[in-house]
Amino acid sequence: MPALQSSLCIANQTPISHQLNAGSATTQLAAKPKSILHDHPLYQSTHKSLSLQFKEKVLCLEIMGVDSGKALSLNPSLHSASLDSIQSIISFLHSKGIHQKDFPRIFGMCPKILTSDIRTELKPVFNFLSQDLKVPDHDFRKVVNKCPRLLSSSARDQLKPCLFYLQRLGFENLANLAYQDTVLLVSNVENTLMPKLRFLENIGFSRNEAVGMVLRCPALFTFSVENNFKPKFEYFKVEMKGKLQELKEFPQYFAFSLEKRIKPRHMEVVQSGIDIPLSVMLKSKDEEFQEMLRQGD
């Protein structure tokens, strides 16, 4: 299969149409286990009107491990994109250190990349990684695999403004932003990041305290206000009768599951009648937690 991948999806190789005409691609695909490939137009006589170029494109995506149906649905521009343009993007990403085996996840998450403009869209992203985030060339692959959405984001309109905002808040460690908290860079400042800070301020924290919490636990910027912050804070305030100081010291509280971790642990603590700090109650392993409860009896 690797030989087929290189011939179908890498630029400057034998065109697929030559292979199909010679029957070689069909022969090699025959050995492939039944998969979604058999549901595509290439295998359906009812779709004979589809062009050979479109069938080649479907084959290219499927053999790379990309769900072509999903990709074409999420990125309608793929319908009119030429196979040559797709091959050019693949070759460009190869030149930046991205491996063939990375493509299913990258293109599966962001099929928009397959129709990106290399000069105006992709190159600026890698320039951003190099110049703004100080990522060495040999680490491009690590960063892109951490967050494929980087490649579908505008360096000028999205990545740079977001980095500027995060740095103003106090995110000074570029390495952390590049290798750990990369998803923050593809967040919308006004619609995603700012509302999280406003919520923390609205429940009683000062601006500095709220900022300090997200600096200690950057994941707070990735949680939904409606589905995470509100229900967990409501339980903390009403049922646990907790104090804001506890959340200030342990903002990771919002990272734990309300139904699977917070509620069960809290109810067991209440039943045992012992006092356990919030962080210890949630972070301890099951065996450690049960041991603490036994010692309190």
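The largest nonpolar core of this predicted model holds 85 residues. Leu93, Phe107, Leu129, Leu133, Leu200 and Tyr253 touch the most other members. Among the helices, helix 10, spanning residues 155-169, gives the most to this core. Its share is 7 residues.

Take Leu93 from that group. Beyond its neighbours within four places in sequence, Leu93 is in contact with Ile98, Phe103 and Phe107. Leu93 also contacts Ile113, Phe126 and Leu151. Phe107 thus appears twice: as a contact of Leu93, and as one of the core residues that touch the most other members.

**The chain as a whole**

The secondary structure comes to 18 helices and 0 strands. Of the 297 residues, 44% count as buried. Many contacts join distant parts of the sequence. Among contacts with a separation of 6 or more, 61% are between residues 24 or more positions apart. The chain exposes about 15700 Å². Carbon and sulfur atoms supply 49% of that surface.

**Two helices with a buried face**

Helix 13 covers residues 207-216. Its buried residues are Ala210, Val211, Met213 and Val214. Seen down the helix axis, these buried residues fall within an arc of 155°, so they line one face of helix 13. What does that buried set pack against? The partners are helix 10, helix 12 (189-202) and helix 15 (244-249). Helix 10 is also the helix that gives the most to the largest nonpolar core.

Helix 16 runs over residues 258-272 and has 15 residues. From its first C-alpha to its last it reaches 20 Å. That is close to the 21 Å expected at 1.5 Å a residue. Leu258, Ile262, Arg265, His266 and Val269 are its buried residues. Down the axis of helix 16, they fall within an arc of 120°, so they too line one face. The face turned away from this buried side carries exposed residues: Glu259, Lys260 and Gln271.

**Cysteines without a bond**

How many disulfides does a search of the whole structure find? It finds 0. Why does Cys110 have no bond to its closest cysteine? The closest cysteine sulfur, in Cys147, is 7.4 Å from the sulfur of Cys110, which is too far for a bond. A disulfide would need the two sulfur atoms within 2.5 Å. Cys110 counts as buried, at 4% relative accessibility. Cys60 counts as buried as well, at 1% relative accessibility.

**Two lysines with positive phi**

Two loop residues have a positive phi, and neither is a glycine. Lys134 sits between helix 8 (118-132) and helix 9 (140-146). Lys241 lies between helix 14 (225-238) and helix 15. Are these lysines buried or exposed? Lys134 is exposed, and Lys241 counts as exposed too. The table sets out their values.

| Residue | Phi | Relative accessible area | Loop |
|---|---|---|---|
| Lys134 | near 60° | 57% | between helix 8 and helix 9 |
| Lys241 | near 50° | 66% | between helix 14 and helix 15 |

Helix 15 therefore links two parts of this account by position alone: the loop of Lys241 lies between helix 14 and helix 15, and the buried residues of helix 13 pack against helix 15.

Technical notes. Residues numbered from 1 in each chain as written. Predicted model: local features only at pLDDT ≥ 70, side-chain atom pairs only at ≥ 80, totals over all residues. Heavy atoms only, no water. Core = buried A, V, L, I, M, F, W, Y, C linked by side-chain atoms within 4.5 Å. Buried < 20%, exposed > 50% of the residue type's maximum accessible area, 1.4 Å probe, protein only. Helix = DSSP H or I, 4+ residues; strand = E, 2+ residues; numbered from the N terminus. Contact = heavy atoms within 4.5 Å. Arc of directions from axis to C-beta. Areas by Shrake-Rupley, 256 points an atom, 1.4 Å probe, with all protein chains shown as cover. Expected span 1.5 Å × (residues − 1).
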